[in-house]
Amino acid sequence: MCESRVTVLDWLCVLRLEQYFEAFQSAGLVTLRQCRDLRPDQLEQMGITLPGHQRRILASLNKTHGKSDTYSQLGQLERDQRLEETGNAHVLQSKRPVPIPGEEKPQGSVYLPSSGKLSIPTKEDSSPLTAVIKMGWLDKNPPQGALYYQRRWVKLDVDYLRYFDNDKDVYSKGIISTAFITNVTSVGELKFEVVTNNRTFIFRAESEVERNDWVTVLQDCTRGRRPRSTISPSSPLTPEYQGNLELRGLRSKLYTVVASDKVYLYKNIEDYRIGVGITSIEMNVGNVKETDRRCFDLTTPYRIFSFIAESEQLREQWVDAMRDAIGEALSNREVAERIWVEPSNSLCADCGAVKPEWAAINLCVVVCKRCAGEHRGLGPSISKVRSLKMDRKVWTEELIQVFLLLGNERVNSFWAANVPPSEALTPSSCSEERRRFITNKYRQGKYRKYHPLYGNQRELNNALCINVQCSDVLETLSLIFCGADVNCSTGMASWPSPLSLANAHSQPLQAELISHNLNTEVVGDMDPVHYSAPTCVSHNGFLFKTASMARAITERKAREEFSRRWCTLNDGTFSYYESDKNSNPNGALKASEIVCLAVEPPEKHGYDHTFELYIESERLYLFGTDDPDSHKEWVKSIAKSFIPATAEPLLRLGFERIGRLKCKDGLNLQTSKVGWFALVGSTLHAYLADSQGEEIHLRKLNELSIQQDNEVLVLVERGRTLYIEGERKLDFADWCTAIQAAAGSGGDTLSQQQLTETDIPVIVHSCIGYITQCGLTSEGIYRKSGVNSRVAALCERFRRDARSLRLREGEHQVDDVSNTLKRFFRELEEGLFTSEDSSTWLGAAAIQDESMKISQYQLLFNKLPHVNKATLQALINHLYCVQRFSELNQMNLHNLAIVFGPTLFQTDGKDYTAGRAIEDLIQHYTSIFEVDEQQLKRQLEEITAINQMREKLNTNTEPGGHFICTVYLEEKKDTAEQHVKIPGSMTAAELVCEVLDRRNIMVKEKEYWSCWEISDKEEMERPLHYQERVLPILHSFGTDSHLLIKKHVAMDAMIVYLASKVDASKHGMMKFREERSILGLGLSSGSFHDRYFILNSNSLRMYKEVRSNRPERDWPVKNLKVYLGVKKKLRPPTCWGLTVVYESKKQEKPERQQWYLCCDTQSEMREWYATFLSIQDGLQQTRVSRVLPDARHGNVSLIPLRGSENEMRNSVAAFSQDPLAVS
Ligand SMILES: [Zn+2]
């Protein structure tokens, strides 16, 4: 497109400066290109002197040759000219062309085919007017013999020839009904006449072509109508209302006609009769409003028509008539009326505004105009917005039926099942609120009622296929918007899609719904918050309330600070009123805003019974009453109102605190989930998203700490860590305090202590462990008294936090510890034997018949509470061991009984009954407690080994009597030797930390340091489980084994492998070799053979081959100890071997076997090894009552991370890696 072809004339016409054409011609300028360098002085010379005209010309040139904004316009002009040249029949270009932006508007005339298919180019025509047939500039003859022709913009449509002052006007100066045009003829000087019954209009075109064209289209347009107009010379309008109306600003009244969806203005009734009027007003853009007694305004975007009726009464009729016309203009009243027949459809589904006229046809909601605007903002892939009144075509009978069948109310039972009242819209909500709500509601699906199959794609699809065969359209809606795929395969060849299935089963409404959702975008990620509609509760009565607060209540609130309030709980809102006579509440809390309800201990405040409500916006409300029953009832009702159905069992608990918290656990530390928690005593009951309820025994936690600037509460259980996040400060801080208090030693009874996993108080466990390691050879153990102040300090330290105290030899004295244990039992509330039954225990000691006595003790033992039972057994076991070494410690059965009788029975010790009972218990320990003799024997052997070791060390070099052993760091050499004091309680993890700390070694990310048992002779090694106690291992060593602290390089790979597994099992081929001694000579025989192995949580089975159905061998996994490595002497076929030691302790003679396995690859070996470890650890965990979600993680013998959440996250990041990528 080059401006060289644009003529100066065309250009000047665009600028409306065609009068200068001759001047340009004289200057020899014919094309636009020739004008490009024109300067103002040249224009002067050409006689163009008016500054405005000069500016217009220069600006246009500047644009054309400069930024080329006009290029496209001019390019269009050129294309049009080419069309004209090629004789295109549809677009005839006049000499007067096309607009230049910022300059004048178009002056050409555009011929449009009468089909009206071409869009109408000017903006005022965008309203649905009758299609314009032809429009353009014409001169019109002056009325009543005036001198000058008037320039008019003229438009022709089927009904009217209209003329306007200019092309921007919406309202014409005059209209001539085509029905009344009797003749159109060309006359001289480019003119043509339009003749009506009694008036003739003369127009002048600018060219012959133009004139002829107008004549042709006018004749075409009027010809078919002529018979009608001649037969009946009256208006073709069928007016609904007509008469004289005054238009403010005009002297004479106008004859006004309201017909269908338009209002026509005529000078007088005669003009109306001959079809010659002033203008018509499209009522689709109109609005009518009464302004004064007789006045009313008809407002359109283009003009306000202020009318004055002849009387007030007439004004009313006019207003009514015009409003009807507007309704008519908004056309499909019928659809809207029918949709509104369903009562809930006459209120906007989103904001509740009345008479909503729009609908989202795929979401099945009827909404108001403002909400529809926000729906449109979501895009048609989410919400298909249609007008009830204008989009006639879309409203098929089926779609209308869908909307009647569902209705806003039922549909909202899905879409808005869980709207927090604070987020709900009202008709006056601002656009920002609307946008947020509508996005949440439909794009995020935040308030949806979750379909029970949610998350299970296959089930959802199946359910959809089944459901579309019946008439439950709401269910289909719920399925689709909970993720069912409307385009899924039904698996049936004849009806492959849900749509075809619906049709086949004559379910047109289902088909209709589906058809509008074929391309619907699947709703965004489900909000992890599962709100299920709480059960409907209502309750009311008087309560006493203090002012609400933004911080925790620390001080006691006196009665005077409370005011009596009438309180109601209804429809999910808790409201309080000045009195029961008031109807307006002083305040209201929506149940969905409540995040925590805390029941306070009686008499904490001025009122006997109080409770606190915490709400989302960090405020706290305190309520009280003196009536315990009313208190209980309120607590129950309020809790019921905000706890979702999924966590309902919590309501049955006698909780001190209940509410929701955000938390993370398991492998998924990236996303938090909502958990519902209730604290009952020392047990935290939790319902985490999607999981069954679980109990966390706070006193049994391995660790409890608040991290990250008081924002995360970390609860470490064995094998699992739970992070509770402080989403809100106020309630979180109180939860932390409550949980910490509940996790500590809550009191003086046995069950209130921090407990081990086997339900023994940590203090008892620690003391017994310490004495076993360090005190069994101490003369007069338990008889000698310690230093009183130190004993008192130890007791206090244990009371504060028993778990954090580690008894260490050298630091703590044996006699202090033994007396701490005695003092604990002596001061124990209720006593070990319980105050109720202790006399019965003492009575049993008097029974003569031994077997009767034993069964009586057994009976009483089984009657004890769980913790007492476990503690008693552990203590008697300990005392049994102590007296077995009486030749060293001088504490025989009798001596021990003298000490422990009065201590445990809390008597003054004046008579020996209590001592006799203890003596019985120790003496008959194995029968009363049904002890496994083998196990006891092993235990005693272990103790013997410890004692021997101590003796050896004591008599040898160590003057302080410390128990010291040698471990190596990274490799076994003299410089890597570490001498570590090892108390009996030290675990492998503690040993590792101790050595690393001592050598200042920082543990880096993904480094797993472990303590290894290395056998030089067997050329095998194994990492100790992090909780394994080191000392017994050391004692079991021969001289050819040692402990080595080193990194577990394969750990990462093993974790990744385990993370990829659903359960801990493995099967596959390995090469097997057995160690057999020939003739007792200890010579090994045989070689490696291929065998098929199946390893599961119970056993390792070996099959001759894959197809064998009977195993050759079957070993219980718990009796296997698996080491890495195989002696080279055995000539293993690959270097990826395992040595397996099988030890059976059950039989009279302990059995020990050793055999070997070889894998083809390193990763194979690691997989087998990881599976073994994970299974064996699982066995250790059987004491833990519930299945831990991330057991796989805790299973492997890695050091538990006690670091921040970030460190934790880094260490589990490996889980997300591709398990196949393991090297
Ligand atoms: Zn609305």
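Modeller: Welcome! A donor here is an N, O or S atom within 2.8 Å of the metal. Keep in mind that this is a predicted model.

Biologist: Thanks! Along the chain, which spacing do the donors of the zinc ion follow?

Modeller: The protein donors are the SG atoms of C348, C351, C368 and C371, lying 2.2 to 2.3 Å from the zinc ion. Read along the chain, these donors give the spacing C-x2-C-x16-C-x2-C.

Biologist: How many residues apart are C351 and C371?

Modeller: This pair links distant parts of the chain. C351 sits in the loop between helix 10 (333–340) and strand 17 (358–360), while C371 belongs to helix 11 (residues 369–378). Both cysteines are buried, and their separation is 20 residues.

Biologist: What is the geometry of the zinc ion's site?

Modeller: Four donors count as tetrahedral if all angles lie between 85 and 135 degrees. The angles among the four donor atoms here are 104 to 118°, and the site is tetrahedral.

Biologist: Why does C767 form no bond with C795?

Modeller: C767 is buried, with a relative accessible area of 1%. A disulfide needs two cysteine sulfur atoms within 2.5 Å. The closest cysteine sulfur to that of C767 is in C795, and it is too far for a bond because the distance is 8.1 Å.

Biologist: Which strands stand at the edges of the open sheet of seven strands?

Modeller: The sheet has the order 13-11-10-9-16-15-14, with antiparallel pairing. Each edge strand has a single partner strand, so one side of it is left without a neighbour in the sheet. The edges are strand 13 (279–282) and strand 14 (287–290).

Terms used
Residues are numbered from 1 along each chain as its sequence is written. This is a predicted model: local features need pLDDT of at least 70, side-chain atom pairs count only at pLDDT 80 or more; totals for chains, interfaces and linings use all residues. Side-chain values use heavy atoms; hydrogens and water are left out. Donors are N, O and S atoms within 2.8 Å of the metal (3.2 Å for Na, K and Ca); water is not among the atoms, so sites may look incomplete. Four donors count as tetrahedral if all angles lie between 85 and 135 degrees; four count as square planar and six as octahedral if opposite donors are over 155 degrees apart and all others between 65 and 115; anything else is irregular. Helices (H or I, at least four residues) and strands (E, at least two) are DSSP runs, numbered from the N terminus. Buried means under 20% relative accessible area, exposed over 50%, partly exposed in between (1.4 Å probe, protein chains only). Two strands pair if DSSP finds at least two bridges between them.
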